[in-house]
Protein chains: 2
Amino acid sequence: MNEKPADTKSSILSIARNLMRQLGYNAFSYADIARKLDIKNAAIHYHYPAKADLLADVMETYISEYQQLGKQLAAANLDPCQKLQQYIAKYSVLTSQDSICIIGSVASDYNTLPESVKAKVAQLINLVIGMVEKTLQEGKEEGVFRFPEPPRVRALLIMTNLAAGVQLARISGKADFVAIEKAIVDQLIK
Amino acid sequence: MNEKPADTKSSILSIARNLMRQLGYNAFSYADIARKLDIKNAAIHYHYPAKADLLADVMETYISEYQQLGKQLAAANLDPCQKLQQYIAKYSVLTSQDSICIIGSVASDYNTLPESVKAKVAQLINLVIGMVEKTLQEGKEEGVFRFPEPPRVRALLIMTNLAAGVQLARISGKADFVAIEKAIVDQLIK
DNA sequence: TCATATGCTTACTTATCAGTAAGTAAGCAA
DNA sequence: TTGCTTACTTACTGATAAGTAAGCATATGA
């Protein structure tokens with residue numbers, strides 16, 4: 001049991017997610033995916049007629065993933081600090097995978113993305129900003145967090161630290177990311 | 001007077017700089033540059049045989065630009081706050097140019113860069129980290145800045161705020177960047 | 001004035017890209 | 001068993017990528 005169904009379409013999607021974060025939108029091709037799955041290029045076009053369709057689906061998986069994380073965090077009654085740690089943890093794993101976060105990936109390729117995808121990018125970003133903002137707000141009200149800016153601005157500060165932090169970590173090493181990670185929390189609870 | 005020499009090689013370099021920040025390494029081609037200068041593709045290969053050579057030269061212009069900024073800031077006896085503002089200003093202009101910073105551009109494309117260029121990327125990043133760190137250190141010693149982390153870590157926090165801030169600004173608008181910019185300074189001098 | 005170097009253009013190659021058209025094997029549904 | 005669908009493969013297309021080789025005009029300098 002626990003066998004991977006190895007459904008082709010979801011395998012394509014999963015590989016595309018990884019390639020997006022490792023190489024970026026303009027640096028991976030259908031051939032890369034086909035090679036890994038040992039299928040033909042055209043098989044991918046069967047599931048995703050255009051590359052824009054594939055990217056749109058990738059974005060949608062991230063949107064629902066973050067929506068799920070939101071509900072999950074709301075259900076489990078974690079304190080705001082633990083919630084933030086869960087969010088930070090998602091970035092921490094990236095540094096071990098030679099990857100950057102999806103938001104950073106699409107943001108730096110933004111001018112080259114198909115128009116149909118740009119809206120989904122904005123949707124994902126607003127979703128994540130909202131989540132972080134809400135957690136910060138909660139923490140402030142409970143007296144766990146202390147910060148002078150509006151929660152949204154502090155959310156932007158933290159998100160930019162993490163997004164560019166993983167980009168930096170690929171070059172200068174994981175230690176820099178760990179230091180950033182620690183400083184984010186220390187700033188909030190001091 | 002003040003006529004642009006319109007030297008082809010430096011025009012190529014200048015256009016490549018802009019395309020790198022607007023589109024990224026994998027999304028611009030020699031054809032894009034040739035079109036803008038109304039010359040042929042092969043003319044660019046005459047000056048830069050391989051795309052890696054062009055990118056290497058782009059990186060070197062940024063390295064010497066930041067070295068010059070460093071000397072300039074050291075010569076003019078500005079206070080640390082003004083020095084930091086000058087650095088931040090370099091990012092602020094990017095938001096009006098549909099561009100991200102060169103460091104963010106090469107960082108997110110890092111896995112796809114030619115090996116010969118990766119070293120120069122690291123060199124540029126270390127140079128900028130060092131500059132910001134030094135300014136923060138000065139400010140702390142003079143009592144202008146107040147922050148608990150080691151100066152290098154605070155430099156990383158500020159740089160990541162700015163690098164990802166301009167990436168974000170392309171999507172969610174300049175206002176978010178302005179808020180980040182303000183928060184960076186407020187955090188330091190409060 | 002002849003030779004050589006510079007800065008291109010013309011004309012190409014090879015490789016890869018996204019995408020398509022046609023065909024097929026296997027399965028399911030009536 | 002017939003007809004239709006799913007999930008592909010084979011075999012392309014046209015466009016574009018980086019890169020090259022050879023030629024040619026202009027300027028420079030001996």
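## Pocket, DNA contacts and a buried threonine

The largest pocket in this predicted model has a volume of about 190 Å³. Its lining is made up of 13 residues. R21(B), Y62(B), Y66(B), K90(B) and L94(B) lie nearest the pocket centre. Four helices of chain B each give two or more residues to this lining: α1 (8–22), α4 (51–75), α5 (80–94) and α6 (102–108). α5(B) gives the most, with four residues. By class, the lining holds eight nonpolar residues, one polar residue and four charged ones.

Now turn to the DNA, starting with strand D. There are 16 residues around DNA strand D. Those that come nearest are T8(A), K40(A) and Y46(A) from chain A, with H45(B) and K51(B) from chain B. What part of the strand lies within 4 Å of the protein, sugar and phosphate or bases? Of the strand D atoms within that distance, 72% belong to sugar or phosphate, and the rest belong to bases.

Individual polar contacts fill in the picture. At K40(A), a backbone N or O atom lies 2.9 Å from a phosphate oxygen of DNA strand D. K51(B) also uses the backbone: one of its N or O atoms there lies 2.7 Å from a phosphate oxygen of strand D. H45(B) reaches a base instead, with a polar side-chain atom 3.1 Å from a base nitrogen of strand D. The elements that give two or more residues to the surface near strand D are α3 (41–47) of chain A, together with α2 (30–37) and α3 (41–47) of chain B. α3(A) gives the most, with four residues. The surface near strand D divides into 10 nonpolar, four polar and two charged residues.

Strand C comes next. Around DNA strand C there are 16 residues. S29(A), H45(A), K51(A), T8(B) and K40(B) come nearest to this strand. Of the strand C atoms within 4 Å of the protein, 71% belong to sugar or phosphate, with the rest in bases.

Three polar contacts with strand C involve its phosphate oxygens. A backbone N or O atom of Y30(A) lies 3.3 Å from one such oxygen. For K51(A), a polar backbone atom is 2.7 Å from a phosphate oxygen of strand C. On chain B, Y46(B) brings a polar side-chain atom to 3.4 Å from a phosphate oxygen of strand C.

Which elements each supply at least two residues of the surface near strand C? They are α2 (30–37) and α3 of chain A, together with α3 of chain B. The largest share, four residues, comes from α3(B). This surface has 10 nonpolar, four polar and two charged residues.

One residue of chain A closes the tour. T135(A) is found in helix α7, which spans residues 115–141 of chain A. Is T135(A) buried or exposed? T135(A) has a relative accessibility of 10%. Buried means under 20%, so T135(A) counts as buried. What is T135(A) in contact with, leaving aside its neighbours within four places in sequence? The contacts are P80(A), K83(A), L84(A) and F145(A).

Note on methods
Residues numbered from 1 in each chain as written. Chains lettered and ligands numbered in written order. Predicted model: local features only at pLDDT ≥ 70, side-chain atom pairs only at ≥ 80, totals over all residues. Heavy atoms only, no water. 1 Å grid on protein atoms, 1.4 Å probe; cavity = no way out; pocket = protein on both sides within 12 Å on 5 of 7 lines; lining within 4 Å. Points joined across faces, edges and corners; volume = space filled by probe spheres on them. Nonpolar A, V, L, I, M, F, W, Y, C, P; charged D, E, K, R; others polar. Near = heavy atom within 4 Å. Polar contact = N/O pair within 3.5 Å; in protein donor to acceptor, adjacent residues only side chain to side chain. Buried < 20%, exposed > 50% of the residue type's maximum accessible area, 1.4 Å probe, protein only. Contact = heavy atoms within 4.5 Å.
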